[in-house]
Amino acid sequence: VSVIVMSVVLAIGDLHEPFCLDKYLRFCKNVDRKAGCNKVVFIGDVIDNHYSSYHETDPDGYSAGEELDRAIQRIGKWYRAFPEAYVCIGNHDRLVHRKAYTAGISKRWVREYNEVLEAPGWNFVESVTIDGVVYCHGDGKKAIQRAKQDMQSVVQGHYHSECYVQWHTGAKCKVFGMQLGSGINKDSYAMAYGKYGPHPAIGCGAVQHGKVATSYLMDL
């Protein structure tokens, strides 16, 4: 786990490219400028990999090659906006690696994320700690639950419909859990699994020096 000191961090929610809202990039750039951020963390699932899902896939959707081409093209816009960033590896990001493992293929045959996505300045990590705050994708547990369990502030994504900052306080300490929301286009075929669930919260967050956490929700 990498450690950085005294930063203003822009934390960007799940993208699921190529199925991200077109306006989400501009929104995140505006928050970056408004909050005066000097570090960027993508919270995971930057790519959807719908074609490679372990669940049912849309037979009328993009082919594997076309979806990847579209994702790389759209991620290129994010990379030009934020050429240096940490990227937490999400469950959708690792789908192809999981498929290779299932097929018995050595990981030495599988290329690195930043090479495939043509983003050499992005550092793909399981988690990163900045000013005492843990940034991770968040599979399996909500942010405030993880913060209480570890008594450490946490920023995470994964739960598309939740965007909040919640504090937990003790006699001599306080920690927060931040859920970032996402940038997904709920009308895309890849998001059909959430058609009847809660509406996604389109947002991101900023954390100042590990002490002040602010959620930003995009106007829809």
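Trainee: Is R70 buried, partly exposed or exposed?
Mentor: Keep in mind that this is a predicted model. R70 has a relative accessible area of 34%. Buried would need under 20% and exposed over 50%, so R70 counts as partly exposed.

Trainee: Which side chain does R70 meet in a salt bridge?
Mentor: Look in helix α2, residues 64–81, about one turn of the helix away, 4 residues apart in sequence. The partner there is itself partly exposed, with a relative accessible area of 32%. The N to O distance is 3.1 Å, and the partner is E66.

Trainee: How many residues apart in sequence are the parts that E126 and R94 tie together?
Mentor: The side chains of E126 and R94 meet in a salt bridge at 2.9 Å, N to O. E126 sits in the loop between β5 and β6, while R94 sits in the loop between β4 and α3, so the pair links parts separated by 32 residues.

Trainee: What keeps C88 from a bond with the closest cysteine sulfur?
Mentor: The structure has 0 disulfides, and a disulfide needs sulfur atoms within 2.5 Å. For C88 the closest cysteine sulfur is in C136, and it is too far because the distance is 6.6 Å.

Trainee: And C28, buried or exposed?
Mentor: C28 is in no disulfide either, with the sulfur of C204 4.2 Å away. Its relative accessibility is 0%, so C28 is buried.

Trainee: Which residues gather in the surface patch of positive charge?
Mentor: One of them is in helix α1, residues 24–35: R26. R26 is exposed, at 63% relative accessible area. The patch consists of K23, R26, K29 and R33.

Methods:
Residues are numbered from 1 along each chain as its sequence is written. This is a predicted model: local features need pLDDT of at least 70, side-chain atom pairs count only at pLDDT 80 or more; totals for chains, interfaces and linings use all residues. Side-chain values use heavy atoms; hydrogens and water are left out. Buried means under 20% relative accessible area, exposed over 50%, partly exposed in between (1.4 Å probe, protein chains only). Patches are made of residues with over 30% relative accessible area and no salt bridge: like charges are joined within 9 Å, nonpolar side chains (Val, Leu, Ile, Met, Phe, Trp, Tyr) within 5 Å. Accessible areas come from the Shrake-Rupley method with a 1.4 Å probe; for residues, only the protein chains shown count as cover. A salt bridge is a side-chain nitrogen of Lys or Arg within 4 Å of a carboxyl oxygen of Asp or Glu. Lys and Arg count as positive and Asp and Glu as negative; His and the chain ends are not counted. The place of a charge is taken as NZ of Lys, CZ of Arg, CG of Asp or CD of Glu. Helices (H or I, at least four residues) and strands (E, at least two) are DSSP runs, numbered from the N terminus.
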